[in-house]
Amino acid sequence: MPEVLFELKNVRKIYRMGDEKIVALEDISCVFEKGKTYCLLGTSGSGKSTLLNMLAGLEKPSKGSILFKGKPLEKLNESQLALYRQQYIGFVFQSYNLLPTLTAIENVTLPLIFRKVPKRKRLKKARAMLKAVGLSNRSRHKPSELSGGQQQRVSIARAFVNNPQVVFADEPTGNLDTKTTIEMMDLITGIAREHNQTLIIVTHDMEISQYADQIIHIRDGNIESVTDNANKLNAAPDNGGAQDEAAPGTEIAPDNGGEPNENITAEAGNGPRREEKEDKNDEQVK
Ligand SMILES: Nc1ncnc2c1ncn2[C@@H]1O[C@H](COP(=O)(O)OP(=O)(O)OP(=O)(O)O)[C@@H](O)[C@H]1O
Ligand SMILES: [Mg+2]
């Protein structure tokens, strides 16, 4: 039996806007298991991102409970939640959320800096991850010097660099063309499968949902239906071959890579001292 990572029990989320009550999630109960790929599929406004934000501990339910490995997330305080995200979660966003002043490799090393991984190891992992996503030759480019697809590759490398147990992807291919979309989906699902990671992808695109083991149809804040996808699309086996080096598997491998916050800038700004002279061109974070 696969391990249950998340269990949602009658989760409800209401936003109050003045006198108005917006029911973003009405009554959601479901489980997410280790090593599986899920798709939250639904039209705009149905509650998909709200649900993802709850799983990430970025929002608390108004009612109900979200258990992660049996422990209720809603009981954690902000610093415990930040730690939870660092330890277990990776994020991929539609808009990439890369830091514009940092190079590709610097962006990928950010989650490792938060975890105080020594510089030599950081660079080794980040290089291996960039290789795995096919971007070795762009490691010193800044986001503005990369195409949209390349930026998304960097953000995928960042999401996976710490080998997180769960990766959330909110419309990860929303800004990409069809060919690049297929490449990105192959990449994300290929890495996750190789390392038995749980992937939860939000989309309104039926095609993308075909990559999932299970499709959870969301409508008006409720689960309308759940489909086990027997004909799941599988990623091409070759994703560059560098993943093993990137994700050692023996250590807990946290990531807060995509966390959309000022802390990244702040942390990167005060960042750690330079420990070694070599590779100084690879990582300019001071
Ligand atoms: N912070 C908020 N305050 C008030 N209402 C909100 C807030 N966040 C979301 N909502 C409302 O909750 C509902 C669900 O929003 P959500 O962002 O989860 O939808 P979605 O399924 O992700 O849509 P999309 O596909 O357009 O991204 C919407 O009606 C939205 O307006
Ligand atoms: Mg959304």
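Biologist: Which element gives the largest share of the shell around ligand 1?

Modeller: A word on the model first, which is a predicted one: local features need pLDDT of at least 70, side-chain atom pairs count only at pLDDT 80 or more, and totals for chains, interfaces and linings use all residues. Residues are numbered from 1 along each chain as its sequence is written, while chains are lettered from A and ligands numbered from 1 in the order in which they are written. Helices (H or I, at least four residues) and strands (E, at least two) are DSSP runs, numbered from the N terminus. With three residues, the largest share of the shell comes from helix 1.

Biologist: Which residues come nearest to ligand 1?

Modeller: A residue is near a molecule or strand if its C-beta atom, placed from the backbone, lies within 6 Å of it. There are 13 residues around ligand 1, and the ones that come nearest are Tyr15, Ala24, Ser44, Ser49 and Thr50.

Biologist: And which elements give two or more residues to that shell around ligand 1?

Modeller: You have already met helix 1 and its three residues. The full list of elements giving two or more is helix 1 (48-55), strand 1 (4-17) and strand 2 (20-33).

Biologist: How many charged residues does the shell around ligand 1 have?

Modeller: Ala, Val, Leu, Ile, Met, Phe, Trp, Tyr, Cys and Pro count as nonpolar, Asp, Glu, Lys and Arg as charged, and the others, Gly among them, as polar. By these classes the shell has eight polar and four nonpolar residues, and the number of charged ones is one.

Biologist: In the open sheet of four strands, what is the strand order?

Modeller: Two strands pair if DSSP finds at least two bridges between them. The four strands pair in the antiparallel sense, in the order 2-1-4-5.

Biologist: Why is one side of strand 2 and of strand 5 left without a neighbour in the sheet?

Modeller: Strand 2 and strand 5 (71-72) stand at the edges. One side of each is therefore free, because each has a single partner strand.

Biologist: Which residue in the turn of the hairpin of strand 1 and strand 2 has a positive phi?

Modeller: Strand 1 and strand 2 are antiparallel and share ten bridges, with Met17 opposite Glu20 in strand 2. Two residues lie between the strands of this hairpin, and the one with a positive phi, about 60 degrees, is Gly18.

Biologist: In strand 4, what is the bridge partner of Glu7?

Modeller: Strand 1 and strand 4 (residues 63-68) run antiparallel and are joined by five bridges. Arg12 stands opposite Lys63 in strand 4. The partner of Glu7 there is Leu67.

Biologist: Now the sheet of six strands: what does its twist average from one strand to the next?

Modeller: This open sheet has mixed pairing and the order 6-7-8-3-9-10. Strand 6 (89-93) and strand 10 (222-228) are its edge strands, each pairing on one side only. From one strand to the next, the twist averages 15 degrees.

Biologist: Which residue in strand 7 is the bridge partner of Phe91?

Modeller: Strand 6 and strand 7 (residues 166-170) run parallel, joined by five bridges. In strand 7, Phe91 has as its partner Phe168.

Biologist: At what angle does helix 6 run to strand 8?

Modeller: Axes are lines fitted to C-alpha atoms, for helices over the stretch in contact, and angles run from 0 to 180 degrees between N-to-C directions. Two residues are in contact if their C-beta atoms, placed from the backbone, lie within 7 Å. Helix 6 (residues 178-194) lies across strand 3 (37-41), strand 6, strand 7 and strand 8 (198-203), and its angle to strand 8 is about 155 degrees.

Biologist: Is helix 3 roughly parallel or roughly antiparallel to helix 5?

Modeller: Angles under 35 degrees count as roughly parallel, over 145 as roughly antiparallel, 65 to 115 as roughly perpendicular and the rest as oblique. Helix 3 (residues 104-114) and helix 5 (residues 148-160) pack at about 25 degrees, with their axes 7 Å apart. That makes the two roughly parallel.

Biologist: How far apart are the axes of helix 5 and helix 6?

Modeller: Helix 5 and helix 6 pack at an angle of about 10 degrees, so they too are roughly parallel to each other. Their axes are apart by 11 Å.
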